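Hi,

Here is the structure I said I would pass on. Have a look at it first, and my notes follow underneath.

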Amino acid sequence: MRASEEQGIRMRTLIERIREADTAYYKYDRPVMPDREYDLLMEELKGLETDTGVVLSGSPTQAVPGEVLEGLAVVCHTKPMLSADKTKSLADLERFAGSQPVVLSWKLDGLTLVLRYRDGKLERAITRGRNGLVGEDVTHTARTFLNIPLEIPEESFFEVRGEGVISWANFEKINAGLEEPYAHPRNLAAGSVRNLDSDESRKRYLEFFAFELVSAGLGTDSKMEQLDFLAQNGFSVVPHVLLAGGSGPERITGAAASFRPAEFAYPADGLIMEYDSIRYGESLGATGHHENRLIALKWEDELYETTFLGLDTAVTQSGMVSLTGVFEPVVIDGAKVGRAYLHNYDNYARLALGKGDRIQVYKANMIIPQIAENLTKSGTCMAPSFCPCCGAPLMIRISPGGTRQLFCENPDCAARLVKKFVHFCDKTRMDIEGLSEKTLGRMLGHGWIRTYGDLYTLEQHRDEMIGTAGFGVKSFERLQASIEKSRHCTLARFIAGMGIPMVGRHAGRDLDHYFHGSFEAFEQAIINGFDFTRLPDFGEAMNENIHNWYASGEDAGLWRPLLDHIEFIKEEDTMETAMSNPFEGKTVVATGKLENYTRDGIQAKLLSLGAKPASSVTKKTDYLIVGEKAGSKLKKAVELGIRTLTEQEFEDMLAG
């Protein structure tokens, strides 16, 4: 085989691997490989294209990566969102600057966004999206950022480009409360910005840092003046410095060294150098991948060699088994490091780890410990085959992004259950005090609880519990009082406690309001195939998650016994509301062809009124709405003495 053929095969292999990584990273916010490995693959591909003079169609060096997530509207960019050329050499920055004044700034590591302003108001927020030509409309989440101006003094139409990020401090705070922690603030930020539920995004402390003004009418030829204009209009601007034309190597090296990522409050993966003169920069043109007016310096990862000791495993609430590599501690940037999260089963398998292997570790972006390479690759450290908690066989699941993860499928696994119980008992859910994760673990271990309903029958284990170390009479009585109090709960708290993915406290309150606090109405809606995307801020993923939760035998085994022990309460309606809505809490059946409602439409209308729509007529039916060609349901209603209504009578009752 000729060398050119080998290079062609290698190029196609690289393109496929980079495409897979881009899809996992940009579409699902779950990277399948460390940044360092991705950069090495991209550099190898660029080198092959330079050596051979061949650029294959679909090469990621010729297009900006990114995918549009289903469920968000797509928007065309007014100007292509191209990348910057990249280097790891300070000498390249010196050559780039030449005799021109340049602006040096952080290369923030989050999700790039475009904000459009018209008449002094935020009109739209758009992600970079597919190939930098079409992005996703995320205006609903942009409005929840901590620092995006919604109204500004400038009334001209213009666009602002910048980065949506989460600070390291907020990242650690948020990650501590998640069942499956994120590996990097970038992934958390990207997932939060693109969340279909804006209330969930609001809890992520997102921030926006502007780095570019796009406008034909504001007429400035200076990058520094652009950034000043943005700052004057209320935008947080990416930290930057101006270097005068002809700055020598020492000045550029010193300026670059002044940017210290370990001391910076936000994630950054390098620096950006751009010409201060807009006109000069634009005169240099662009490739299909990057604009020639700017260049990105990505830091070299300093590698440290150490010895691999073994794997640390843990089971999350969902059953996913996390894998963490443990190694002889090394000091990196003044901090001792001895552990690195391995992200997924694929990354673990790639490293072929074994106890005693010599490995290279580093801090990604000078912050997050990672294993870069295994120099020995003995492969003797086998991934666990059985759950470290319950001993059940572990299974491999493939995520939507194509990565493999280890899962414990045992619904009775104590590690899985204890996380679910902790979530259920939390103050913002069912608010049962005195049940820490440790206490709940002991209760599960003793067999006192297996379902949520078991919490309400703990009296039968009273003697055993008060005889347990650290759990006396007073503790038991306080716990019982808290449990008794929680017997009367709102639908909102109940739904929040269920741990339905993406359906938290805010969504629970929306559902509570929509179904007027009625669990029966909520359940009947699910049974009838209700489309929850009709509700504001409810996307397709949330709709699917609610239906999957209800259909899951594993989940039902946990929550259904609870229904025998709790009573749903709701906020008191005003007299006026109660009088104007005679269908509140009533069981209503519709039959025949209605003039103004489809079958789904009348169901939705009844649910919005707080009624309980049903599919069959029984003694519990309060009203039967009768349309054209009504059949057996009308006959049965007459036999049972159920009040029947024409469509017009139904409307008249609503009108008072």
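**What I found**

The protein chain has 24 helices and 24 strands. Bear in mind that this is a predicted model. Its average pLDDT is 83, and 90% of the residues score at least 70.

One stretch to treat with care is residues 572–579, where pLDDT stays under 50. The model gives that stretch 1 contact beyond four places in sequence. Where pLDDT is low, the predicted coordinates should not be read in detail.

On the chain as a whole: of its 656 residues, 51% are buried. If you take the contacts between residues at least 6 apart in sequence, 69% of them join residues at least 24 apart. The exposed surface of the protein chain comes to about 30100 Å², with carbon and sulfur atoms supplying 50% of that.

I also looked at one helix pair, α3 (residues 90–97) and α9 (residues 249–257). Their axes come within 10 Å and cross at roughly 120°. That angle lies over the 65 to 115 degrees that counts as roughly perpendicular but not over 145, so α3 and α9 are oblique to each other. As for handedness, α3 passes α9 in a right-handed crossing. On the α3 side the contact is made by Leu90, Leu93, Glu94 and Ala97, and α9 brings Pro249, Ile252, Thr253 and Ala256 to it.

If you open the model, that α3 and α9 crossing is easy to pick out from the residue numbers above.

Cheers

Notes
Residues are numbered from 1 along each chain as its sequence is written. This is a predicted model: local features need pLDDT of at least 70, side-chain atom pairs count only at pLDDT 80 or more; totals for chains, interfaces and linings use all residues. Side-chain values use heavy atoms; hydrogens and water are left out. pLDDT is the predictor's confidence in each residue, from 0 to 100. Contact means heavy atoms within 4.5 Å. Helices (H or I, at least four residues) and strands (E, at least two) are DSSP runs, numbered from the N terminus. Buried means under 20% relative accessible area, exposed over 50%, partly exposed in between (1.4 Å probe, protein chains only). Accessible areas come from the Shrake-Rupley method with a 1.4 Å probe; for residues, only the protein chains shown count as cover. Axes are lines fitted to C-alpha atoms, for helices over the stretch in contact, and angles run from 0 to 180 degrees between N-to-C directions. Angles under 35 degrees count as roughly parallel, over 145 as roughly antiparallel, 65 to 115 as roughly perpendicular and the rest as oblique. A crossing is left-handed if the near helix is turned anticlockwise from the far one by less than a right angle, and right-handed if clockwise.
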